[in-house]
2 protein chains.
Amino acid sequence: MNPKRQLLVDTALDLFYKNGINSIGINEVISVSGVAKRTLYAHFASKEALIVAALQKRHEIFAAWLEQKLSGSNSNQEVIQRLFAALASWFAHKENTLGDFRGCFFINTSAEFSDMNSEILQFCRFHKEQVRDIISRHLINADSALLDAICIMKEGAIVIAQLGGDGGAVTAKCTEMLQALES
Amino acid sequence: MNPKRQLLVDTALDLFYKNGINSIGINEVISVSGVAKRTLYAHFASKEALIVAALQKRHEIFAAWLEQKLSGSNSNQEVIQRLFAALASWFAHKENTLGDFRGCFFINTSAEFSDMNSEILQFCRFHKEQVRDIISRHLINADSALLDAICIMKEGAIVIAQLGGDGGAVTAKCTEMLQALES
DNA sequence: GCTAGAGTAGACAATTCGGTCTACATATGT
DNA sequence: ACATATGTAGACCGAATTGTCTACTCTAGC
C-alpha cells in the first residue's frame, strides 16, 4: 500500500535479519532507507511496532516460499524430499526470495527478547505454528508423528547450518532418515 | 582464582543468558554484581572479552553437566535415552546447574552477532563441536550417521522447547525415533 | 608502621539510543 | 487556486552506551 511504509519495513527486515534487531538502531533504518525519521514515526508508533511489521513481512515471504516449494507434491516422500532440498538451497544462499541465509529470523529474534508475553515473541510462536500447518496440509493422511519428526529435524538443520555446519550434508541426512521413517 | 573476576563472569553469564547479550549493558553487570567499573576493566579489556569469558564459563558448566548425565551408559540406546531425558529435565527448569531454560546460550548468542570471524562466534562453533565430541565418546562403535541424527534432533528439540513447544513431548519423540534408528 | 596491590565510588567523555518537534516542501483532489 | 495530506531535514531531549580517569580506602606482607 503506502510506498514509504513498505520501504521502511523492507529496509528494517533486511538490516534486522542480517545484523540482529538490537544491533540496528532506528537511525540506521532511516539513513539506509532514505526516509525521514518523522515519516517513520508517522507509520509506526515505536521501534517495537516496526519490528512486528518486519516479522510479519518475513512471515509472508517465508510462508509463500514454502507453500510454493511444497505445492504439487504427490506423496509424503516427495514432501520430505522437496522440503529439505529447499532448505539446502536456502542454506547455500541460492534462494533469492529469502535473502542470504543467516538462520531463522524468528529463532534469532526469540534470542534477543526475554518477555515471553511481548507481541514480538507471540508472533515468533505464531510463525512456527503456521509453518507447521503448511507442512501438515501437504502431507497425505497427516501423520502427527511424521509431522513432529519433520519439524524437529527442520529446526535442527537450520541451527546447525547457521553455526557453520555443512547444510547440504545435514539436509541429506534428514531426508534419508525421514523417508525411512515414512516407508 | 580471582574472586572478583569470577563474580563478574557469573553475573554477566546470568544476565546475558536471561536477557540476551545486547540487552545488557556493562553498567548493569557492575551494579548487579556490586563490583566497581574500574575493577571490571582491570580484568577485561572490553565488553567483548567479558562476553567470551561468559561463553567459556557456560561451556564448562554445560560440558560437565552433559558428561555427568551420559557417563556410565552401557549402550547407545541408553545414551539416547539419557541425553533426551536430561534435555527434557532442562526444558522443564529442573536442572539447577544450567539455570532456568531459555534456549541454548550459544545459539542465542549467534543470533546477536553477525561477524562470523569474531571470537564470539568462533567460540559458539567450538562449543557445538565439543558437545558433539562428548556425545560421540559415549557411543559404542560411534556410528557417524547416528551421531548426526542425535545432534540434529538435539538442536531441533532445544529450539522447539524455547519457542513454547512441549519440551517433554518433543524429547520423547526424539528418543523414540533415535532408538528405532539404532536397533 | 609502611608500602604496594587491589578495590571503591563516581565523574566524565564521546557516542548512540528511541522518540518528539518545528519549519518547510511537495503533491493531489476538488 | 486552495486545502489537506504526506513528505523532508534536522535540531533537540533525556537516557543509556562503552570506556577512561581521578582520588580515596582497605588489606596483607615485610
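Here are some exercises with worked solutions on a predicted model of two protein chains and two DNA strands.

Because the model is predicted, local features need pLDDT of at least 70 and side-chain atom pairs count only at pLDDT 80 or more, while totals for chains, interfaces and linings use all residues. Residues are numbered from 1 along each chain as its sequence is written, chains are lettered from A and ligands numbered from 1 in the order in which they are written, and side-chain values use heavy atoms, with hydrogens and water left out.

**Exercise 1. Describe the protein surface near DNA strand C.**

Step 1: Start with the neighbours. A residue is near a strand if one of its heavy atoms lies within 4 Å of it. By this rule 17 residues surround DNA strand C, and the closest are A:Ile26, A:Lys37, A:Arg38, A:Lys47 and B:Thr39.

Step 2: Sort them by class. Ala, Val, Leu, Ile, Met, Phe, Trp, Tyr, Cys and Pro count as nonpolar, Asp, Glu, Lys and Arg as charged, and the others, Gly among them, as polar. The surface near DNA strand C then has five nonpolar, seven polar and five charged residues.

Step 3: Find the elements. Helices are DSSP runs (H or I, at least four residues), numbered from the N terminus. At least two residues each come from α2 (26–33) and α3 (37–43) of chain A and from α3 (37–43) of chain B.

Step 4: Look at the strand's side. Sugar or phosphate accounts for 52% of the atoms of DNA strand C within 4 Å of the protein, and bases for the rest.

Step 5: List polar contacts (pairs of N or O atoms within 3.5 Å; within protein, one must be able to donate a hydrogen and the other to accept it, and residues adjacent in sequence count only if both atoms are side-chain atoms). Phosphate oxygens of DNA strand C lie 2.5 Å from a backbone N or O atom of A:Ile26, 2.6 Å from a polar backbone atom of A:Lys47 and 3.1 Å from a polar backbone atom of B:Ala36.

**Exercise 2. Which residues come nearest to DNA strand D, and what do their polar contacts reach?**

Step 1: Of the 17 residues around DNA strand D, the nearest are A:Thr39, B:Asn27, B:Lys37, B:Arg38 and B:Lys47.

Step 2: On the strand, 50% of the atoms within 4 Å of the protein belong to sugar or phosphate and the rest to bases.

Step 3: Now take the contacts. A polar side-chain atom of B:Arg38 lies 3.5 Å from a base oxygen of DNA strand D. A phosphate oxygen is reached at 3.3 Å by an N or O atom in the side chain of A:His43, and at 2.7 Å by a backbone N or O atom of B:Lys47.

Step 4: The elements giving two or more residues to this surface are α3 of chain A together with α2 (26–33) and α3 of chain B.

**Exercise 3. Why do the buried residues of α2(B) lie on the same side of the helix?**

Step 1: Buried means under 20% relative accessible area, exposed over 50%, and partly exposed in between (1.4 Å probe, protein chains only). The buried residues of α2(B) are B:Ile26, B:Val29, B:Ile30 and B:Ser33.

Step 2: These residues cover an arc of only 90 degrees around the axis, which puts them on the same side of α2(B). The arc is that of the directions from the helix axis to the C-beta atoms.

Step 3: An α-helix has 3.6 residues a turn, so residues three or four places apart point the same way.

Step 4: For contact (heavy atoms within 4.5 Å), the buried residues of α2(B) pack against α1 (3–19), α3 and α4 (47–70) of chain B. In α1 of chain B sits B:Thr11, buried with a relative accessible area of 10%. Beyond residues up to four places away in sequence, B:Thr11 touches B:Val29, B:Val32 and B:Ser33.

**Exercise 4. Characterise the interface of chains A and B.**

Step 1: Count the partners: 36 residues of chain B are in contact with 36 residues of chain A.

Step 2: Buried area is the accessible area (1.4 Å probe) that two parts lose on being put together, summed over both. The two chains bury about 2800 Å² between them, 71% of it on carbon and sulfur atoms.

Step 3: B:Ala111, B:Ile152 and B:Leu163 supply 23% of the area that chain B buries against chain A, more than any other three residues.
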